[in-house]
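Colleague: Could you take me through one part of this model in some detail? I'd like a connected account rather than a list.

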Amino acid sequence: MQSAPSHLKKMDYSVLQQCMHCGLCLPTCPTYDATQLERNSPRGRISLMRAIADGRLEPTKAFADEMYFCLGCLACMTACPAGVNYAELFEHARAEAEQSGVLDSPKRNLIRNFTLRWLFMDLRRLRVMGRLLRLYQSLGLQTVLRRSGVMRMLPKRLRELEEMMPRVQPRLSADLIDPVTPAIGTRRYRVAMLTGCAQDLMFSDVNRDTVEVLAHNGCEVITPIRQFCCGSLHAHNGEWNLAQQLARRQIDQFAPEELDAIITNAAGCGSHLKHYATLLEGDPIYAERAQLWDSKIKDIHEWLVQIGIIPPVGPDAPSQTVTYHEACHLCHGQKISRQPRQVLGAIPNLKLVELAESTWCCGSAGIYNLIQPEMANDLLARKVDHIRNTKADVVATANPGCLLQIITGVKRENLPVRVVHSITLLAEAYRRMAS
Ligand code: SF4
Ligand code: SF4
């Protein structure tokens, strides 16, 4: 049987050639900052990728490990004066690593088969798993185990994983949001809402808040009950073909021709969803529709600022001091930095205090905190230190992974800070206005 062509060899070579080795990205790279090693820098990684594309190097385990030590935070893209498309390089490099099989082991293959190739390919399965987890949490079993001291007997890594296990919401998006939510007042736009996978299990309330905010801003919102994963998890973890399959399903379900915008409130998903055209390039049926799709995908903050926020008003708004952590895939992946601050600025009595290193990764980075816990914990501790220094009551951010990571961090440090999606703060302001 003929093997599939190398990902790095078949990709557009001009993308591999963009790097001019200036090193301006190095100070912005968290892994280089931690080790000061060239191979852990964007420049070093791009050299490795190019060596493989040129046939000077075979994909080895060391190469694959390096690609998985990279956070995929894309800070290097923001810093790069040559416009290197690191996001595309990174996805091809991880796909190359997977295709080469150098990381294969029975345990790793089992986990990947179960999660990427089964669980996240049909969100009904994920929801069943979520409901089982919810049962474990709500029946008190989790509390009993934590109090009994059994947890202390587990290895440190398992204890950490248990600590990070998110609470599943009692009601998922389909229970909270109608398939069609009418605009409040005059209908200005017709949009669709993507409820996500992890976002739906752990932050379905944020999805409900997003729909409410859209309705307050004159949008009729279509929220199909059965939705698919956007495929970002697959693309970032080397499963290129599955990511393509999921992209086609999304385009078929949402028909971008019939909508003014397709809204996401999860930065990691948004960054991936806006690049279906690259993912489906050359696809005879979907390539053209993917371009239209990309133009219709909007992050919720981006969309609200684009259409003009109708500001909530109300004399009784409580005063709150809020700091804002910028999710990598919002600020670096989508270049959206100003709009979330504008959204927060529309809330009465809200004082925004800037967070030092607000664009520095918190260590969540998809599943990075699961596969590289040491580096992820260092980044989290650094983030929590900065949060503490702001003396803010609230940390706002716009990605489920960052929310979970920062919630874990402030809990560890007993920091009395509320961690919340920025859109929830806006939704609360509208609710106060209506009451
Ligand atoms: S994506 Fe982040 S971790 Fe990876 S090379 Fe770029 S800056 Fe460094
Ligand atoms: S800043 Fe851009 S061009 Fe310069 S080394 Fe980094 S990736 Fe290459």
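How many residues does helix α24 have, and how far does α24 reach from its first C-alpha to its last? Please go on from there to whatever packs around that helix.

Modeller: Happy to. A bit of housekeeping first: this is a predicted model, in which local features need pLDDT of at least 70 and side-chain atom pairs count only at pLDDT 80 or more, while totals for chains, interfaces and linings use all residues. Residues are numbered from 1 along each chain as its sequence is written, chains are lettered from A and ligands numbered from 1 in the order in which they are written, and side-chain values use heavy atoms, leaving out hydrogens and water.

Now your helix. α24 has 13 residues and reaches 18 Å from its first C-alpha to its last, close to the 18 Å expected at 1.5 Å a residue. The expected span is 1.5 Å times one less than the number of residues, and helices here are DSSP runs (H or I, at least four residues; strands are E, at least two), numbered from the N terminus. The buried residues of α24 include Pro400, Gly401, Cys402 and Leu403, and further along Gln405, Ile406, Thr408, Gly409 and Val410 are buried as well. By buried I mean under 20% relative accessible area, with exposed over 50% and partly exposed in between, using a 1.4 Å probe and protein chains only. Just after α24, Asn414 takes a positive phi of about 55 degrees.

The partner to look at is α23, residues 373–390. Its 18 residues should span 26 Å at 1.5 Å a residue, and the end C-alpha atoms are 26 Å apart, so the two agree. On α23, the buried residues are Pro373, Met375, Ala376, Leu379, Leu380, Lys383, Val384, His386, Ile387 and Thr390. Because they cover an arc of only 165 degrees around the axis, they sit on the same side of α23; that arc is taken from the directions from the helix axis to the C-beta atoms. The general background is that an α-helix has 3.6 residues a turn, so residues three or four places apart point the same way. Over on the other side of α23, Glu374, Asp378 and Asn389 are exposed.

How do the two helices meet? α23 and α24 pack at an angle of about 70 degrees, with their axes 9 Å apart. That makes α23 roughly perpendicular to α24, a label for angles of 65 to 115 degrees (under 35 is roughly parallel, over 145 roughly antiparallel, the rest oblique). The axes are lines fitted to C-alpha atoms, for helices over the stretch in contact, and angles run from 0 to 180 degrees between N-to-C directions. From α23, the contact is made by Ala376, Asn377, Leu380, Lys383, Val384 and Ile387; from α24, it is made by Gln405, Ile406, Gly409, Val410 and Arg412. Contact means heavy atoms within 4.5 Å.

Right after α23 comes Lys391, in the loop between α23 and β8 (394–397). Lys391 has a positive phi of about 60 degrees although it is not a glycine, and at 70% relative accessibility Lys391 counts as exposed. For context, most residues other than glycine have a negative phi.

On the other flank, have a look at Tyr368 in helix α22. Tyr368 counts as buried because its relative accessibility is 1%. Tyr368 and Gly401 are 33 residues apart in sequence and 9.9 Å apart in space, C-alpha to C-alpha. Leaving aside neighbours within four places in sequence, Tyr368 is in contact with Pro373, Met375 and Ala376, among others; its contacts also include Thr31, Tyr68, Phe69, Cys70 and Leu71. The loop between β7 (350–353) and α22 (368–371) holds Glu357, whose phi is near 50 degrees, again positive in a residue other than glycine. Glu357 is partly exposed, with a relative accessible area of 31%.

Last, a residue from helix α13: Met202. Not counting residues up to four places away in sequence, Met202 touches Leu404, along with Pro166, Arg167 and Gln169. At 12% relative accessibility, Met202 counts as buried. Met202 and Arg167 are 35 residues apart in sequence and 6.3 Å apart in space, C-alpha to C-alpha.
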